Amino acid sequence: LCFSDEILEALDIWKTVFRKAALDTDEDIASGVNVKFTKRFKNLMAAYNGLLHVSGQAYRPDIALRLVYAMAKDGVEPTEASLNCYNAGARKRDPDKSKIRLHSQYENMLMVECTKYDAADKRRSADKRVRIII
């Protein structure tokens with residue numbers, strides 16, 4: 001299916017058809033296989049990345065951020081690949097598409113949620129870190 005920039009239609013189909021189908025493939029979980037290699041994980045990751053692409057095309061970073069939170073709730077950690085799916089859709093968007101309010105703030109939050117800090121990642125070595133002590 002091709003939704004182009006029809007994010008609301010894509011979300012409706014996701015809620016009624018695709019999410020249920022992706023969650024039904026849990027036969028690997030009972031066998032003790034690592035969760036990241038199960039069909040369920042791969043299906044959910046692919047479906048979420050597709051929705052992120054559509055939300056990028058629709059210029060809806062607010063929906064993309066909600067999708068990233070839903071991914072975490074379903075046990076699928078958003079990665080830079082997820083952010084790249086949103087950005088790929090954003091590159092294909094119509095230049096006349098109207099922006100939502102606070103779009104750049106939503107996109108910044110999306111970037112923060114998808115790029116987790118890793119001490120071994122040399123690309124982030126120049127980033128400043130803040131220690132929060134509670």
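In this predicted model, helix H1, which spans residues 7-23, packs against helix H3, residues 39-57, at an angle of about 180°, with the two axes 11 Å apart. Because of that angle, H1 counts as roughly antiparallel to H3. On the H1 side the contact involves Ile7, Ala10, Leu11, Trp14, Arg19, Ala22 and Leu23, which meet Arg40, Asn43, Leu44, Ala47, Tyr48, Leu51, Val54 and Ser55 on the H3 side. Sorted by class, the residues in the contact of H1 with H3 comprise 11 nonpolar, 2 polar and 2 charged.

Two pairs of C-alpha atoms give further detail on this part of the chain. Glu6 belongs to the segment before H1, and its C-alpha atom is separated by 8.1 Å from that of Ser55, although the two residues stand 49 residues apart along the chain. Glu6 has a relative accessibility of 39% and therefore counts as partly exposed, since the partly exposed class lies between the 20% and 50% limits. Ala47, a residue of helix H3, has its C-alpha atom 7.7 Å from that of Phe18, with their positions 29 residues apart along the chain. With a relative accessible area of 21%, Ala47 is likewise classed as partly exposed.

H3 also packs against helix H4, with an angle of about 170° and an axis separation of 9 Å. This angle is the reason why H3 is described as roughly antiparallel to H4. From H3 the contact draws on Met45, Tyr48, Asn49, Leu51, Leu52 and Ser55, and from H4 on Ile63, Ala64, Leu67, Val68, Ala70 and Met71. The residues of the contact of H3 with H4 divide into 10 nonpolar and 2 polar, with no charged residue among them. Tyr48, Leu51 and Ser55 of H3 are listed in the contact with H1 and again in the contact with H4.

Between H3 and H4, which covers residues 61-73, runs a loop that contains Tyr59. The phi angle of Tyr59 is near 60°, a positive value in a residue other than glycine. Tyr59 has a relative accessibility of 9% and so counts as buried, the limit for that class being under 20%.

Gln57 is located in helix H3 and is also buried, because its relative accessible area is 14%. Leaving aside residues up to four places away in sequence, Gln57 touches Ser4, Asp5, Gly89, Ala90, Lys92, Arg93 and Lys97.

Another helix pair is formed by H5, residues 80-91, and H6, residues 103-114, whose axes come within 8 Å and cross at roughly 150°. An angle of that size makes H5 roughly antiparallel to H6, and the crossing of the two helices is left-handed. Glu80, Ser82, Leu83 and Tyr86 in H5 meet Glu107, Leu110, Met111 and Cys114 in H6. By class, the contact of H5 with H6 has 5 nonpolar residues, 1 polar residue and 2 charged residues.

The three helix pairs are set out below.

| Helix pair | Angle between axes | Distance between axes |
|---|---|---|
| H1 and H3 | about 180° | 11 Å |
| H3 and H4 | about 170° | 9 Å |
| H5 and H6 | roughly 150° | within 8 Å |

Turning to the chain as a whole, the secondary structure consists of 6 helices and 0 strands, and along the sequence the elements follow the pattern α-α-α-α-α-α. Of the 134 residues of the chain, 34% count as buried, Tyr59 and Gln57 being among those in this class. The accessible surface of the chain comes to about 9,100 Å², and 55% of that area belongs to carbon and sulfur atoms. Among the contacts between residues at least 6 apart in sequence, 70% join residues at least 24 apart.

Key:
Residues numbered from 1 in each chain as written. Predicted model: local features only at pLDDT ≥ 70, side-chain atom pairs only at ≥ 80, totals over all residues. Heavy atoms only, no water. Helix = DSSP H or I, 4+ residues; strand = E, 2+ residues; numbered from the N terminus. Buried < 20%, exposed > 50% of the residue type's maximum accessible area, 1.4 Å probe, protein only. Contact = heavy atoms within 4.5 Å. Areas by Shrake-Rupley, 256 points an atom, 1.4 Å probe, with all protein chains shown as cover. Axes fitted to C-alpha atoms, helices over the stretch in contact; angles between N-to-C directions. Parallel < 35°, antiparallel > 145°, perpendicular 65-115°, else oblique. Left-handed = near helix turned anticlockwise from the far one by under 90°. Nonpolar A, V, L, I, M, F, W, Y, C, P; charged D, E, K, R; others polar.
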